[in-house]
Amino acid sequence: MQKKNIILLLTFLLVFSLHIFSQQKTTLSGRILDTETGEDLIGATIADVINNIGTATNTYGFYSLSLVKGKHTIAFSYIGYETITKEVDFNSNQKLNIRLSPSKRAIKEVVISAERKDKNITATQMSVEKLEMKQLDKIPVLMGEKDILKTIQLLPGISTVSEGGNGFSVRGGTIDQNLILLDEAPVYSPSHLLGFFSVFNADAIKNLSVYKGGIPANYGGRASSVVDITMKDGNNQKLSASGGIGLLSSRLTIEAPIIKDKMSFIISGRRSYADILFKASGYSEEDFVLYFYDLNAKINYKINDNNKIFVSGYFGKDDFGFDDIFGMSWGNATGTIRWNHLFNSRLFSNTSVLYSNYDYGFDFNGEMSMELGIEDISLKQDYTFFMNPQNTIKYGFSVIHHKFNPGELILENVDNSDILLEEKKSLESGLYLLNEHKLTQKFSANYGLRLSMFNQLGRGWANTYNNKNEVIDSIHYGNNEIMQSYYGLEPRISLNYILNEKSSFKGSYNLMNQYLHLLSNSTAGSPTDTWIPSSTNLKPQTVNQFALGYFRNFLDNSYEFSIESYYKDMQNMTDYKDGTDIMLNENIESYILQGHGRSYGAEFYIKKKYGKLTGWVSYTLGRTEIQIDGINDSQWYPNKIDKTHDVSVVGSYQITKRLSASAAFIYYTGNAVTFPSGKYVYDNKIIPYYTERNGYRMPAYHRLDLSLHFAARETNKFKSSWDFSLYNVYNRHNAYMIYFEESETVAGKTEAQRLSLFGIVPSFTWNFKF
Amino acid sequence: MNTFNYIVKFILITLIVIGAYSCIETIDIDLNSSNPVVTTEGQIELDSVAWISINHTTDFFDPDIPPAIDDAIVTLYSSSGENEILQNVGSGYYLGNTILGKIGDSYSITIENNDFNYTANSKLFAPCEIIDVKFEKNKYQYEEDIEEMDTAYTTTIIFTDDPDTENFYLVKYWGSEVDAEEYEDLNYYYTLVEDKYYVKDGKIELDSWFQDFYRNTKVKIAVYSIDEDTYTYHYQLNDINSGGGSTPYNPQSNFGTDAMGYFVAWSNDTWEGITPIGTK
């Protein structure tokens, strides 16, 4: 009933907004670009300063602003860039591409958003964070590796699930409920080195947005959040190169115009060298392999003012092996072909063909090998209709073909032992319509609907199981025959009421369906995690999220404060029966239990954006629980990722023009864990006795990181800087894992052992640019 | 499959431990007290009488011996129609007297007192025959390890398998110095075999990749014929001892969910020998 009312409301609003589109106006449209690099600037603002109306560039740097005929004063601005103001006399539609220059007065500061100063007050969208790549230099990180996924975990509502891990939880969602997009292509496993570093090379990234709630209808497929990452397009003005040499890895990025102002490319690579250091140090004489590498590349071609084509790709791999005895590797590959087309000054279209692949492989001396993975091919069509300054309508569709390899194990010398799980296929489609609607000067709304569809395709067997996980019935489906279908109507709405120029009140609701499930027995995620589709036995996860927020700025927008609360109702959350073997289990669906979940909490955030001292304090108070028949006597129990308190304090101080110091302090409650409450002896071994799942807590986690950023004297052609950092300054032994074993000194005594990963870790990186 | 999980876990943990400034420390941690539950360990072997040990669980850090239950009535039933009451001989230990394990018989054992009443079932299958045991130098052992320690040998056990039925086996290893009187129990993990993964030609060749012996070592190997539930229980014990492939849990006892432990009916064939003298 509630969902029906929301849909009716959204329909009414949409019809209303179409109705009011009656005045014929002229349109100002174009792109906002960086003078030095020619890069499109995302989120730059275009404002009629007299009439107080405006818009912002979209993900592709395009804007469109409808204005009544006559003279207007238009300001084009972007934080960190000089604002350009133009007097324009409009009699007909005009195209105006603007190049903004980085501000000479730009204060070197930590800025979490490059958009207008009071964007947090005026924007309708709530629960979204945009990350400026420049700030990464100022945040202390493990081994000196700039890491966009680690950085967003310092923001409210986004929790680290394990030290060093790149899996993260958004408002109590599980790690598989985050949709991570790189140039629109999904990235299924965003980690290098078993999760310690993300696959995203910050040098190649232009922009990152994280949607925690009020997720717009153009996104779908995951239940909790969207991390939308855009790669740089490549400098179309001049050849430039940048890079860095660090303790763990080195990186190099080259970008240049192929045809100035029309065609450019960027190529960026990274490789770690732990294996080389091991050999060089004499620590190991064996052929020891332990490295990752990744490569980002993009080329774009501006055919004319109305057409632009982008081709981009990512390829990354982790390799680990030892003296030809065993080896394992895993990695992602993504590919994007995009065509931006301008039908007219108000209708913008983006057509994308996307490819994504994740695979994992293992080999033991050629005698035993294993593979698993997932591959997507998709088509996506998005339209943006800049109807008038009050309404921007977006609509489109997407179709994704998923191919799953749940796993195959081959033992070369043991007959009959191969395990080849059936390949699975599915088709996931989405159709959406949304409107960004400015109802009054003070009241705005983003509302939309998404229709999502999911078809599990043959060939394959649809099994029915009894409660002993035995197959009691099977139906065989032919190639591409529909085995199971699911549909979902997903209303989304965000509202903003501006109380005054310093504060606003926002609310949002979204419903998200998730048709893919991640089989994982680790909290943080591991390379062997396996994606599987929804099926007759496995229902899609559905999350309803409500959020309310109050936003307040102080001292001319120098300080931002916000408090947001959220409540999530989650259906078909998954957990496993006792003793489930998730790898290579052909009947895994019968071992998965589904039930109800809920997550609620409050996020407090205060940020200082300008001045010598910048930074933020973020505090999240939250709870996430699940209730599943067959687990803990069907009582509510904490999800593994549940953390009551999560605090981040990040500060950066500009000591001199060339020297800055930064610090980050992190504290969070230990996540829920299952420990034994008793023991017994069987076959002379001590066996733990468990009374409930996730009934204990890991010890609280905290650490302090420090860093120094020193910019060397720059010449006209060459810039360089040094980053020195200390991770975990006071050398706290945070628990990565706690396990139990018999005491070596006292017979019959059992002891708890704490494995801590990182003590104090110093690192340095030298960065250059020319 | 279990062994494969161990490889993956071993690699992951090794990588973590080597690659990242890790340390392991003994810590104090508060664990709740749990209400004691009944724990069991019992068996009936071919041509042997049954026995069972019945105790209570203790708190996890309690160093005391688990409290024994000596007031239970333990009754064993066979599918041949025999039954007997096992006699308590102290310390929670109950011993049969008349019923001997017989091939093809199913056994049901009931334990009861004023507080509980549990029953478990298990079937005794015919033993396989160990045809041969071969030793081969461990090809994965490094020369420097040989210099520091000794040459290691892996084993290949060849034993019979009825091709017409689905069979399960549990393999145990013991080892000792040649002149030692007692063997050392090497079965921290159980080697479990499901014959569906092998060609059904009447025999199984089992390579023990993860159990090796140094040169000139006295070795004892037993291959137990077990039923599927026993296979599952020991598989789950392996899972728990290795840190757990999923959220930690209690292995599924054949006494039900309220009691821990297992009663097994099984038979075995045993082989004893000495690894090659080889060279150091």
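How many residue pairs are in polar contact between domain 1 of chain A and domain 2 of chain A? The count in this predicted model is 10 residue pairs, with both residues at pLDDT 80 or more.

## The two domains of chain A

The domain assignment divides chain A into domain 1, which covers residues 2–100, and domain 2, which covers residues 229–769. The contact between these two parts draws 38 residues from domain 1 of chain A and 46 residues from domain 2 of chain A, while their C-alpha centres lie 33 Å apart. The size of an interface is often given as the accessible area lost when the parts come together. For domain 1 and domain 2 of chain A that area is about 3600 Å², and 60% of it lies on carbon and sulfur atoms.

Charged side chains also meet across this boundary, where the rule finds 2 salt bridges. A:Asp40 forms a salt bridge with A:Lys308, and the closest N and O atoms of this pair are 3.4 Å apart. On the side of domain 1 of chain A that touches domain 2 of chain A, the elements that give two or more residues are helix H1 (2–19), strand S1 (26–34) and strand S4 (62–67) of chain A. H1(A) gives the most to that side, with 11 residues, and by class the side of domain 1 has 16 nonpolar, 14 polar and 8 charged residues.

## Where chain A meets chain B

The contact between the chains takes 71 residues from chain A and 66 residues from chain B. About 6700 Å² is buried between chain A and chain B, and carbon and sulfur atoms give 64% of this area. Within chain A, the residues that lose the most area to chain B are A:Lys679, A:Tyr680 and A:Tyr682, which together account for 11% of what that side buries.

The rule finds 2 salt bridges across the interface of chain A and chain B. The side chains of B:Glu25 and A:Arg754 meet in a salt bridge, with 2.7 Å from N to O. Across the interface of the two chains there are also 17 residue pairs in polar contact, both residues of each pair being at pLDDT 80 or more. Strand S50 of chain A, residues 750–756, gives the largest share of the side of chain A that touches chain B, namely 7 residues. The residues on that side of chain A divide into 40 nonpolar, 18 polar and 13 charged.

## A sheet built from both chains

Strands of a sheet pair through backbone hydrogen bonds, either parallel or antiparallel. Which strands form the open sheet that includes S4(B)? There are 3 of them, in the order S45(A)-S44(A)-S4(B), and the pairing is antiparallel. The edge strands are S45 of chain A, residues 685–689, and S4 of chain B, each of which pairs on one side only.

Strand S44 of chain A (residues 678–682) is joined to strand S4 of chain B (residues 58–59) by 2 bridges, and these two strands run antiparallel. In this pairing, B:Thr58 of S4(B) is the bridge partner of A:Lys679, and A:Lys679 is also one of the residues of chain A that lose the most area to chain B. S44(A) and S45(A) pair in the antiparallel sense over 5 bridges. A:Tyr680, another of the residues that lose the most area to chain B, has A:Ile687 as its bridge partner in S45(A).

## The two domains of chain B

Chain B is likewise assigned two domains, with domain 1 spanning residues 38–123 and domain 2 spanning residues 130–274. Their centres, taken over C-alpha atoms, are separated by 25 Å, and the contact takes 21 residues from domain 1 of chain B and 16 residues from domain 2 of chain B. The area buried between these domains is about 1500 Å², of which carbon and sulfur atoms give 55%. In domain 1 of chain B, B:Thr40, B:Tyr118 and B:Ser122 lose the most area to domain 2 of chain B, together 29% of what that side buries.

The count of salt bridges between domain 1 and domain 2 of chain B is 0, whereas the rule does find 13 residue pairs in polar contact across this interface, both at pLDDT 80 or more. Strands S2 (38–45), S3 (51–56), S8 (106–112) and S9 (117–123) of chain B are the elements that give two or more residues to the side of domain 1 that touches domain 2. S2(B) gives the most to that side, with 8 residues, and the residues of the side of domain 1 of chain B divide into 11 nonpolar, 7 polar and 3 charged.

Note on methods. Residues are numbered from 1 along each chain as its sequence is written. Chains are lettered from A and ligands numbered from 1 in the order in which they are written. This is a predicted model: local features need pLDDT of at least 70, side-chain atom pairs count only at pLDDT 80 or more; totals for chains, interfaces and linings use all residues. Side-chain values use heavy atoms; hydrogens and water are left out. Domain bounds come from an automatic or database domain assignment. Contact means heavy atoms within 4.5 Å. Buried area is the accessible area (1.4 Å probe) that two parts lose on being put together, summed over both. A salt bridge is a side-chain nitrogen of Lys or Arg within 4 Å of a carboxyl oxygen of Asp or Glu. A polar contact is a pair of N or O atoms within 3.5 Å; within protein, one must be able to donate a hydrogen and the other to accept it, and residues adjacent in sequence count only if both atoms are side-chain atoms. Helices (H or I, at least four residues) and strands (E, at least two) are DSSP runs, numbered from the N terminus. Ala, Val, Leu, Ile, Met, Phe, Trp, Tyr, Cys and Pro count as nonpolar, Asp, Glu, Lys and Arg as charged, and the others, Gly among them, as polar. Two strands pair if DSSP finds at least two bridges between them.
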